[in-house]
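Visitor: Hi! Could you walk me through this one before I head back to the bench?
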Amino acid sequence: MLRDKPVGLSSKDLAWKAFVGKGKLEGQIILPEIADSWVRCFQAGLNSDDGRAQNILEHAAVRMLLEKNQEIINIAKPFMANIYEFFRNSGFIVVLADVNGYVMECFGDRDSLTSAKKLHFVRGASWRECDVGTNAIAIGLATGKPVQVSGAEHYCAKHHWWTCSAAPIYGIDGQIVAFLDLSGPAQAAYSHTLGMVAAAANAISMQIGMEQKKNELSLMNKHLSSIFNTMSEGVILFDRFGLVKEYNPIARKLLGQSSALLQGASVQTIFKGNNQLIQQLLTGKETEIELEFQTGCDSGPNRCVISGESILDKQGCSNGGVIILRPAEKSHSLINRASGYYTTFQFKNILGSSGAILEAVRQAASAAVTVSNVVLQGESGTGKEMFAQAIHNKSARCSGPFIALNCGAIPRELVASELFGYEDGAFTGAKRGGRAGKFELASGGTLFLDEIGDMPLEQQVALLRVLQEKKVSRIGGNKVIPVDVRIICATNKELNRLVKDGMFRQDLYYRLNVFKIEIPPLRQRREDIELLFRNFVNQIGSEQGRVYTIDASVFALINRYNWPGNVRELHNAAERACNMAENGVISVSCFPSEICCPLTTLNQAVTGNKEIRQGLLDYEIAKIRALLATEGGNISRVAGILGIARSTLYRKIKRHSIH
């Protein structure tokens with residue numbers, strides 16, 4: 001406790017003595033932030049004669065404090081040690097406190113640490129304002145700024161022998177994470193001390209940011225390494241000289257080379273035959289995407305699809321690149337782009353309860369679980385492609401590609417290139433880099449050959465050879481490519497009749513015709529017509545966001561019609577009826593004349609009884625009235641829709657008194 005009339009007291013000593021006695025500040029001798037701290041301490045009733053820390057964490061809490069801030073402590077220690085060396089044997093100690101003001105680490109001489117210990121200035125002690133009064137760490141907590149508190153500027157008398165300088169330490173997010181403090185004898189207070197502490201705190205903040213970035217980069221590198229080594233594609237990284245620097249296990253497996261041969265090897269040597277792509281990668285020019293490449297390994301040749309990209313520096317010059325290798329049979333994205341084909345139908349999507357369709361489904365389901373080739377026999381529009389997709393989706397090859405080719409829809413001269421592919425420059429107009437054929441794309445899956453009966457004889461020989469040898473050679477090439485394909489054929493012709501007529505090879509017929517499945521026409525499964533029509537109407541209504549009602553007379557009409565276009569024609573009729581329906585009601589007038597008045601029905605009307613003739617007459621009148629209402633009374637449009645002359649329409653309107 002100071003004497004009532006101290007000798008040689010400074011103005012700050014006198015100001016402090018006056019304040020703790022009266023609680024009032026006289027003059028502007030001390031800094032505002034220190035003055036504000038004094039006021040808070042006085043109002044809190046803090047003992048100005050003391051200054052020893054009373055809030056000290058238990059041993060377990062100290063251990064948790066240090067563990068939580070271990071990374072900050074490890075980063076700060078070297079900087080604290082450097083400051084301590086500068087002030088060695090001068091009575092100063094270097095202190096690190098956490099963001100809440102608890103002491104975490106101290107550096108100092110034995111005597112200095114002993115003096116600090118008398119104030120409980122030790123690990124785990126709280127140096128907050130509410131616990132020990134005004135000090136540099138406490139004001140730093142309040143202001144977030146570097147500050148120096150010397151001698152009588154401290155609120156508690158036991159601190160008047162000390163000077164302390166503290167500065168905040170920031171994390172990567174810009175938030176304060178700790179405080180660095182330098183405390184020593186009050187008579188050794190210098191203004192440059194605060195600058196040194198602030199500089200050290202700033203250096204620690206920068207190091208924390210660097211360590212955080214380093215940890216993030218290390219974690220990212222681990223993630224990338226994990227991805228790199230577990231990718232299903234092969235990856236090769238090469239430098240600007242074209243030498244291999246890194247590769248993953250899949251690349252080594254696909255190339256069939258040992259680590260010793262790959263590391264440092266030239267990519268031009270590894271991918272010989274694709275020099276154009278490699279040269280473009282080395283020069284940084286635009287690269288071609290997804291070229292074919294055949295590798296050789298102990299287990300046999302591997303077909304790969306390779307692509308690459310250059311890595312450019314700031315000047316735009318090539319600094320190496322990356323090459324991706326994908327097994328051809330797993331290149332589903334390439335297959336889907338090349339074919340534009342996806343399988344969506346399963347056996348549950350084939351509707352019908354008739355015996356004929358149920359038997360066809362049973363046979364197809366039995367064929368699906370085998371590896372045998374299948375021939376689907378049926379008229380156009382019966383759903384042969386739906387059956388083919390359902391067989392594929394139930395087979396063991398369901399995860400493989402499903403590739404379709406309509407043999408009757410492409411010119412004869414292009415059938416071979418579509419089936420077997422071609423090499424670069426094989427013929428005029430050939431795609432640069434060549435192109436894989438349908439057999440290659442379908443390898444591991446199913447090849448659906450629609451209208452097989454229209455395949456030219458000369459290509460039937462090549463098809464038979466591929467089926468026998470399970471190998472294919474591209475047009476213009478000499479490489480033999482192994483393929484594993486299941487064939488499903490579809491035709492609306494009698495193949496055995498074509499064989500007799502010399503239009504289809506007998507040996508190919510027997511190779512394909514392992515499972516022959518007859519798909520019945522719609523006229524042979526009339527009990528399914530109503531079910532299919534309702535289903536089509538519901539589907540169309542769902543897509544349009546509408547609900548349709550079907551007039552009872554419609555079912556009599558669709559059951560009477562023979563449906564030469566089969567299920568496809570029925571679906572088109574349902575779609576037209578939905579679009580023609582008034583107020584959501586589908587009636588007979590919504591159907592075209594070829595369905596309502598087919599040629600056979602008209603012949604019956606001429607020679608039949610009076611009831612048939614009257615029924616047709618009633619339909620004609622209803623049709624004309626509906627069209628006149630729909631077309632706003634436009635005679636020309638109605639006559640055009642009916643396919644009759646305007647004069648004929650006028651006579652019918654007059655004869656039947658249609659208004």
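Guide: Happy to; here is a short tour of the strands and the overall picture. This is a predicted model, where local features need pLDDT of at least 70 and side-chain atom pairs count only at pLDDT 80 or more, while totals for chains, interfaces and linings use all residues. Residues are numbered from 1 along each chain as its sequence is written, and side-chain values use heavy atoms, with hydrogens and water left out.

Visitor: How many helices and strands does the protein have?
Guide: There are 28 helices and 21 strands, taken as DSSP runs numbered from the N terminus (helices H or I, at least four residues; strands E, at least two).

Visitor: Why is strand β18 largely enclosed?
Guide: Six of the six residues in β18 (residues 486–491) are buried, so the rest of the structure largely encloses this strand. Buried means under 20% relative accessible area (1.4 Å probe, protein chains only).

Visitor: Which residues sit on its two faces?
Guide: Arg-486, Ile-488 and Ala-490 lie on one side of β18, with Ile-487, Cys-489 and Thr-491 on the other.

Visitor: And which strands pair with β18 in the parallel sense?
Guide: β11 (residues 374–377) does so over four bridges, and β15 (residues 446–450) over five; pairing requires at least two DSSP bridges between the strands. Val-374 is partnered with Ile-488, and Leu-449 with Cys-489.

Visitor: Switching topic, how many residues of β10 are buried?
Guide: Eight of the 10 residues in β10 (residues 318–327) are. This strand pairs with β6 (residues 234–238) in the antiparallel sense over five bridges, and Ile-236 has Ile-323 as its bridge partner.

Visitor: What share of the whole protein is buried?
Guide: Of its 659 residues, 46% count as buried.

Methods:
Buried means under 20% relative accessible area, exposed over 50%, partly exposed in between (1.4 Å probe, protein chains only).
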